[in-house]
Amino acid sequence: MSLPDAFHDIAERVNNWGRWGADDELGTLNLITDEVVREAAACVRTGHRIPLALPLRQDGVQTGMIPGRVNPLHVMVQINQELFGPGTVACSDDAVTMGLQAATHWDALPHVSHSGRLYNGRPADSITAHGGAGFSGMDKVRHVVSRGVLLDVARARGTDRLDGGHAVTPEDLDAAEELARTRVRAGDLVLVRTGQVQVCLAGDRHAYAYPSPGLSIRTPEWFHARDVAAVANDTLTFEVFPPEVEDLWLPVHALDLVEMGMPQGQNWNLEELSTACGEAGRYAFLLAATPEPFTGATGAPVAPVAVL
């Protein structure tokens, strides 16, 4: 099935190719300027730090639905080994095998392609088996620190968790923005809470994955209009799953990553942050969320921390 005209119409409206030059590999992360970071630092009032990552564990969120995306397999390669002879300091070392998008992560811009193209018009076949992403790989993202804004859609709709299959609309984002009493602005890192991660935390990985609330195909234009730097949420699929348009799979991924050049994140635990923001009555904070710089990677784990 080819992508419908309605998709291409949205793509044309949110397209950022060439906006930061023909050689650009960062996309909307260019919007995080020194001034934006200085203003973000002013959000810190109490110093209260809230971790947003899920644990990296062998019984993590992956169920096999996505081929090759395996939960972390952690092994010890040495245990209390006296490397320099008897009586010397002993060392213990670990190794891990995992999908780079197994748990809390950012998607890099080459994570998806459509019509044979990646962000900024790069050819999709520039991704190779041995080199990975030739352009816009996660190693190009040297730092992600900016103002974070929690758009607590579930709370704004008067519920603790959105129903599976709920498509988060621009109207939902407007309502959450009103709840937050702050307007999303250029360079912000936006976190969209659906409450779906509660299902994962309760131990039901399959129900966490499907059906899932997530972002609607209408939301990329909302983020584009506000010049958002990146978006993350608390679901496995990021966008609503199953898709809102029959047989149109991952259109939000394609619009965000390919057309807009906007990184997106999944499997973020926003529950503690939701409680803290609700109690404090403020939903903006300093957010540090730099991914691991794997060369040529199309995604990478991240351990984000919000500082209120």
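Analyst: Let's start with a definition: helices (H or I, at least four residues) and strands (E, at least two) are DSSP runs, numbered from the N terminus. This is a predicted model, where local features need pLDDT of at least 70 and side-chain atom pairs count only at pLDDT 80 or more, while totals for chains, interfaces and linings use all residues. Residues are numbered from 1 along each chain as its sequence is written, and side-chain values use heavy atoms, with hydrogens and water left out.

User: How many helices and strands does the chain have by that definition?

Analyst: There are 9 helices and 15 strands in the chain.

User: How do you know whether the radius of gyration of the chain agrees with that of a compact globule?

Analyst: The rule for a globule is 2.2 Å times the number of residues to the power 0.38, and the radius is taken over C-alpha atoms. For 308 residues this gives a value near 19 Å, and the chain has 20 Å, so the two agree. Along the principal axes, the C-alpha atoms fill a box of roughly 70 × 50 × 40 Å.

User: Why is helix H8 described as largely enclosed by the rest of the structure?

Analyst: A residue is buried under 20% relative accessible area, exposed over 50%, and partly exposed in between (1.4 Å probe, protein chains only). In H8, residues 251-260, 10 of the 10 residues are buried, so this helix is largely enclosed. Among them are Pro251, His253, Asp256 and Met260. For the chain, buried residues make up 51% of the 308.

User: Which elements do the buried residues of H8 pack against?

Analyst: Their partners are helices H1 (5-14) and H7 (219-225), together with strands E4 (105-107), E10 (214-215) and E12 (264-266). Just after H8 comes Gly261, with a positive phi near 70 degrees.

User: What makes up the description of two packed helices?

Analyst: It consists of the angle between the axes and the distance between them. For H1 and H8, the angle is about 30 degrees and the axes are 9 Å apart. Such axes are lines fitted to C-alpha atoms, for helices over the stretch in contact, with angles from 0 to 180 degrees between N-to-C directions.

User: Which residues of H1 meet H8?

Analyst: Contact means heavy atoms within 4.5 Å. Phe7, Ile10, Ala11 and Val14 of H1 meet Pro251, Ala254, Leu255, Glu259 and Met260 of H8. By class, this contact has 8 nonpolar, no polar and 1 charged residues. In that count, Ala, Val, Leu, Ile, Met, Phe, Trp, Tyr, Cys and Pro are nonpolar, Asp, Glu, Lys and Arg are charged, and the others, Gly among them, are polar.

User: Why is Glu177 called buried?

Analyst: Its relative accessible area is 9%, so Glu177 falls in the buried range. Glu177 is found in helix H4 (residues 170-180). Leaving aside neighbours within four places in sequence, its contacts include Leu151, Arg183, Trp222 and Arg226.

User: And why is Arg122 called buried?

Analyst: With a relative accessible area of 19%, Arg122 also meets the definition of buried. Arg122 lies in the loop between E4 and strand E5 (127-128). Beyond neighbours within four places in sequence, Arg122 is in contact with Ala22, Asp23, Gly116, Arg117 and Phe135.

User: Is Leu83 buried, partly exposed or exposed, and how do you know?

Analyst: At 40% relative accessible area, Leu83 lies between the two cut-offs and is therefore partly exposed. Its place is in the loop between strand E2 (73-81) and E3. Not counting residues up to four places away in sequence, Leu83 touches Gln78, Thr88, Val89 and Cys91.

User: Is Arg181 buried or exposed?

Analyst: The relative accessible area of Arg181 is 64%, so Arg181 is exposed. Arg181 sits in the loop between H4 and strand E9 (189-193). Although not a glycine, Arg181 has a positive phi of about 55 degrees.

User: Which value of phi does Ser136 have?

Analyst: Ser136 has a positive phi of about 60 degrees, although it is not a glycine. Ser136 is buried, with a relative accessible area of 7%.

User: Where is a cis peptide bond with an omega of about -10 degrees?

Analyst: That bond joins Tyr210 and Pro211, and Pro211 lies in the loop between helix H6 (205-209) and E10. A cis peptide bond also joins Phe241 and Pro242, with omega about 5 degrees.
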